[in-house]
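Reader: Please take me through one part of this model in detail. I would like the local pairing and packing set out step by step.

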Amino acid sequence: MKNRTAGNNIVIIGAGLGGLSAGILLSRLQFNVTIVEKNRLPGGLMRSYRRAGVECPVGVHYVGALGAEEPLGKMFRFLGVNAADLFERTGQDGIIDRYIFDDFTFDLPAGIDNYENNLLAFFPGDAVAVRIIMRNLRDIAQSMFQPSFLINQGDPFRNIDYFTPLGEYLRRLNVSRDLQAVLAVPAQLIGVPAELCPIIFHHMVLAGYLFSCWRLKENGSCMTDAFVRRFAELGGKLILNDAVTEIMHTDRKIAGLKLKSGGKLPAAAVVAAIHPKALLGLIAPQAMRDSFRERVLHLQETEGVIVAQISVDAAAHRELPYNIYRLHTDETGAISDGVFYQLRRGDTDKVNLLSIITKSLFADWLPWEKTQSGARGAEYVQKKTVLAEAMLRKASDLFGGMLDAHLVDVFTPLTVRDYVNCPEGSCYGVMHSSRQLMKIASLNNIPLSGLYLAGQNVVAPGVFGTMLGSFNAARQIIGAERLTKELNAIEKQTG
């Protein structure tokens, strides 16, 4: 079948997980692929960083559905990246997450059946609602195993009711306040309040973790290196420390890129694995319809976070095999605020790392909006340090006195904004809410031939959604029929 893209040279903007996975997949499809990254190192939010001798994670804390026959595991296999080299499974001996509320604690177990049993045990008065919820969850979970899922993520969307916001859905079922709080947590994971989170996204995220849960064996830099090596093995070219300044086009058709270094890269197609608002700044205004530009500019972002990385004595604070969420709810059961804790083994047997993540609005950091990382001044450092120390004091309530605890690093929405060029510094970018699903869907129809989007802003957030976005870009470039044939051929080769 003839390529929808008339030419073999494809250039990708951004060497994060979305750009690298798109580059690997398109290279496997026999395109000549070049990835351009503005930073001196690839990886984006996938990459970890080292401070005070400790390797600190950024955006990959744990993932779901990475089993060999599960959706994310299949994507890794199609790319030719060995997930078993990078990840280890968690939750097999008990729980994945512990949700600690003010008046009760709920453990999220591995396995859909175990999850249903836990819900029924905790909330016997909600048994009818639980069985309805679980029936829908299993329906969506089964759709994720269908061969067509990676080709056409529309499969699980066949039921229009799955676009209903979770909050509305739970009110219809008249669930108890505490059950609503437990069910709302997976929505919080992707930065969407339950009142705005479509059932489809909530159930996909939840099902993925219930299939299986995984953590990196080492760190995000090792994961990045594995993706970069695979891209190089396939003949891909990676250009670092050189930003794209303009997307060239003629007669509404892509022609290539201009780089900050002064170079030009001709291309038959461009895949932008960057935030769609950042994309607008690279295209001449007259090349895009005003209506499309306005839709993108008014997309709502997910909320930002502040992250404190804290080294602790390894003997006193051993690695926890599960994550902890400390959550507070209002009188309706809606989650008003929460904190994520992950206590992981460190690089030595003396020090472990406690990562603490909680909400932090971009507006909270507006006095430093015009500054750049490393040059924000003493007041900025003092503010984020004070907040991090308060986070550490609250952690002591859960973990006991934190022996030999040292604040290794703190990053804010401004840090994320500068590194990955997300306008408001959100780790999850565009909010996949019920209010703007149609706007997000329109991102797949850019009015400029040969220009495609990849990454987490297009299909769904997180590692899972980011990689789905790469497969979605490949489908748009070569068509669903050819991509199906190509993936079937890869499946036969890999067994």
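Author: What follows begins with one sheet and a residue that packs beside it, then turns to other strands and a helix pair. The model is a predicted one.

The sheet to look at is open and has three strands, in the order β11-β12-β13, with antiparallel pairing. Its edges are β11 (244-250) and β13 (264-266); each has a single partner strand, so one side of each lacks a neighbour in the sheet. From one strand to the next, the twist averages 25°. Strand β12 (residues 253-259) runs antiparallel to β13, and three bridges join the two. Within this pairing, Leu 257 is placed opposite Leu 265 of β13.

The loop between β11 and β12 contains Arg 252. Arg 252 is not a glycine, yet its phi is positive, at about 60°. With a relative accessible area of 41%, Arg 252 is partly exposed.

Leu 451 belongs to another strand, β20 (residues 451-453). Along the chain, Leu 451 and Gly 256 are 195 residues apart, while their C-alpha atoms are separated by 9.8 Å. Leaving aside residues up to four places away in sequence, Leu 451 touches Ile 247, Ile 254, Val 270, Leu 279, Ile 283 and Ile 446. The relative accessible area of Leu 451 is 3%. Buried means under 20%, so Leu 451 counts as buried.

A second open sheet also deserves a look. Three strands form it in the order β5-β9-β6, and the pairing is antiparallel. The strands at its edges are β5 (63-64) and β6 (87-90), each of which pairs on one side only. Two bridges link β5 with strand β9 (residues 213-216) in the antiparallel sense. In that pairing, Val 63 faces Trp 214 of β9.

Ala 65 lies in the loop between β5 and α2 (71-79). This residue, Ala 65, has a positive phi of about 60° although it is not a glycine. Its relative accessibility is 1%, so Ala 65 counts as buried.

Parallel pairing is found elsewhere in the model, where strand β1 (residues 9-13) and β2 pair over five bridges. Asn 9 stands across from Asn 32 in β2. Strand β2 (residues 32-36) is mostly covered, with four of its five residues buried.

The last item is a pair of helices. Packed helices are described by the angle between their axes and by the distance between those axes. Helix α1 (residues 17-28) packs against helix α15 (residues 462-478) at an angle of about 40°, and the axes are 9 Å apart. Angles under 35 degrees count as roughly parallel, and α1 and α15 are therefore oblique to each other. The crossing of α1 and α15 is right-handed. On the α1 side, the contact is made by Leu 17, Gly 18, Ser 21, Ala 22, Leu 25 and Leu 26. These residues meet Val 463, Thr 466, Met 467, Ser 470, Phe 471, Ala 474 and Ile 477 in α15. By class, the contact of α1 with α15 has nine nonpolar and four polar residues, and no charged ones.

Key: Residues numbered from 1 in each chain as written. Predicted model: local features only at pLDDT ≥ 70, side-chain atom pairs only at ≥ 80, totals over all residues. Heavy atoms only, no water. Axes fitted to C-alpha atoms, helices over the stretch in contact; angles between N-to-C directions. Parallel < 35°, antiparallel > 145°, perpendicular 65-115°, else oblique. Left-handed = near helix turned anticlockwise from the far one by under 90°. Contact = heavy atoms within 4.5 Å. Nonpolar A, V, L, I, M, F, W, Y, C, P; charged D, E, K, R; others polar. Pairing = 2+ DSSP bridges. Buried < 20%, exposed > 50% of the residue type's maximum accessible area, 1.4 Å probe, protein only.
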